[in-house]
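User: Please take a close look at the charged pairs in this model, one at a time. Then set them against the rest of the chain.

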Amino acid sequence: MAIVDVKVPQFSESVSEGTLLTWKKKPGQAVAIDEILVEIETDKVVLEVPAPSAGVMAQIVKSDGETVVSEELLARIDTDAQPGVSPLEVKAVAPAAPEAAAAPAAAAGKGDVAMPAAAKILAEKGLAATDVAGSGKDGRVTKGDALAAGAKPAAVAAPVAVATNPAVAKPLPAVAAPVQPSLGDRPEQRVPMTRLRARIAERLVQSQSTNAILTTFNEVNMAPVMEMRKKFQEKFEKEHGVKLGFMSFFVKAAVAALKKYPIINASVDGNDIVYHGYFDIGIAVGSPRGLVVPVLRNVDQMSFADIEKKIAEFGAKAKDGKLSIDELTGGTFSISNGGTFGSMLSTPIINPPQSAILGVHATKDRAVVENGQIVVRPMNYLAMSYDHRIIDGREAVLGLVAMKDALEDPSRLLFDI
């Protein structure tokens, strides 16, 4: 019998641990080499764990929902066994308890056992495995059973008599149990945050607590960009195999402004201001797991086609959970396009350690005044949040105006003016 270990991949330095998602194989099932056995969710990406060898899944050491670290043993594969046979599965059972504890253990049925992920949830709710009917194998309590179980009511404290002078002392009032509102037939579900969602929450709170965030706004007439895009859309797509979107214009306009006002592209490191001589722009992308910000490297050296292709690639990878840690690391400035969801205006939160972020919104036909006349123009409201610790209002306002000017006369982008 040849046994091959399945281990957690080596995490990067910025990732300390991960959470096992759902195993795709069970003990006794056949496994092909490089077949994905399980996924590990970290606070940045989801990593796939492929089978290092073909054979039969002999033993699963770590269950769904457990926390794991780099190089930790996850499972074992028997390269000589036949499907349906799991020679090592018995080894996953805990050793027998001493004789002194044998009687109580024997009294407990298999339905008293909770899976590791379920046990954690039950502990938070103040429940024991015996309080929940298990739907798993042999009556084991699964994570879903634990999530569906109601919390155990708090005990009501009995009145406490004070042993002192009866003429003065009075019994303490009973402590009432917390009143749980009656939901009736209205459903409610408690779901733990994913690692990515928890990390997003942590970073956003960190940003608001450490940065002096201020936001400046401006409006942009998008007609020139729309006309240029309409004129070259067909030829662009035929030549480069990708559609000409609006994001490449916003990215190019942002770089033009960052070149004029380098402080917007800088970051804070302790008491130092770090000026970056390169332009790595983070593009906020929504994914089924939450918001991610992959980074376009050296954007000043990229063409419109390069930018559109890379953004399309990021979107596909985010949807499939395939973004790498390197693609999500770094960045000197970010752009968030809430306009794709119909947002009219918002105040984006800075992505630390960056010092500024541009919020782009929906372009709508609006009434504006030009040369004393009311006309209809496709307008977009831009919002730039910045760290007022190092960026003064003057640089922030002028930086946003530079973006506005570049968008209202996109030919400027061709001549770098």
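Analyst: Glu313 has a relative accessible area of 30%, so this residue counts as partly exposed. The model is a predicted one, and each value below is computed from it. The partner of Glu313 is Lys310: the two form a salt bridge in which the closest N and O atoms are 3.6 Å apart. Lys310 is also partly exposed, at 29% relative accessibility. Both residues belong to helix α7, which covers residues 304-320, and because they are 3 residues apart there, about one helical turn separates them. In general, side chains of opposite charge can pair when their charged atoms come close.

Another pair within one helix is Glu408 with Lys404, whose closest N and O atoms are 3.0 Å apart in a salt bridge. The two partners differ in exposure class. Lys404 is buried, with 17% relative accessible area; the cut-off that decides this is 20%, and buried means under it. Glu408 has a relative accessible area of 27% and so counts as partly exposed. Helix α8 (residues 393-408) holds both Glu408 and Lys404, and their spacing of 4 residues is about one turn of the helix. Returning to the pair in α7, Lys310 and Glu313 are joined with Lys317 and Glu327 into one network by salt bridges that share partners.

A third pair is Arg389 and Asp387, whose side chains meet in a salt bridge with an N to O distance of 2.7 Å. Asp387 is buried, at 0% relative accessibility, whereas Arg389 is partly exposed at 45%. The pair therefore links a buried acid to a partly exposed base. These three bridges are among the 14 salt bridges found in the whole structure.

The setting of these pairs is a protein of 417 residues, 37% of which count as buried. Its secondary structure comprises 9 helices and 19 strands. Of the contacts with a separation of 6 or more, 63% are between residues 24 or more positions apart. Val6 gives an example of such a link along the chain: its C-alpha atom is 8.2 Å from that of Val49, although the two are 43 residues apart in sequence. Val6 sits in strand β1, residues 3-7, and is buried at 1% relative accessibility. Beyond its neighbours within four places in sequence, its contacts include Leu37, Val49, Pro52 and Ile77.

On the outer side, the protein exposes about 23500 Å², of which carbon and sulfur atoms supply 55%. One nonpolar patch on the surface is formed by Phe217, Met344 and Leu345, which together have about 290 Å² of accessible area. Phe217 lies in strand β9 (213-221) and is partly exposed, with a relative accessible area of 41%.

Internal space comes next. The search finds 2 cavities of 30 Å³ or more, and the largest cavity holds about 70 Å³. It has 13 lining residues; Arg289, Val292, Ala318, Gly321 and Leu323 are the ones nearest its centre. Val292 also appears in the second largest pocket, where Arg203, Leu291, Val292, Val293 and Asn351 lie nearest the centre among 38 lining residues. That pocket has about 750 Å³ of space. Helix α4 (195-210) and strands β14 (290-292), β16 and β17 each supply at least two of its lining residues, and α4 gives the most, with 5.

Strands β16 (333-337) and β17 (356-360) also frame a loop that contains Pro353. The peptide bond between Pro352 and Pro353 is cis, with omega about 10 degrees. For comparison, most peptide bonds are trans, and most residues other than glycine have a negative phi. Two residues with positive phi are Asp34, near 70 degrees, and Glu71, near 65 degrees. Both are in loops: Asp34 between β3 (30-31) and β4 (36-41), and Glu71 between β7 (67-68) and β8 (73-78). Asp34 is exposed, with 56% relative accessible area, whereas Glu71 is partly exposed at 43%.

How values were computed: Residues numbered from 1 in each chain as written. Predicted model: local features only at pLDDT ≥ 70, side-chain atom pairs only at ≥ 80, totals over all residues. Heavy atoms only, no water. Buried < 20%, exposed > 50% of the residue type's maximum accessible area, 1.4 Å probe, protein only. Contact = heavy atoms within 4.5 Å. Patch = residues over 30% accessible without salt bridge, like charges linked within 9 Å, V, L, I, M, F, W, Y side chains within 5 Å. Areas by Shrake-Rupley, 256 points an atom, 1.4 Å probe, with all protein chains shown as cover. Salt bridge = Lys/Arg side-chain N within 4 Å of Asp/Glu carboxyl O. 1 Å grid on protein atoms, 1.4 Å probe; cavity = no way out; pocket = protein on both sides within 12 Å on 5 of 7 lines; lining within 4 Å. Points joined across faces, edges and corners; volume = space filled by probe spheres on them.
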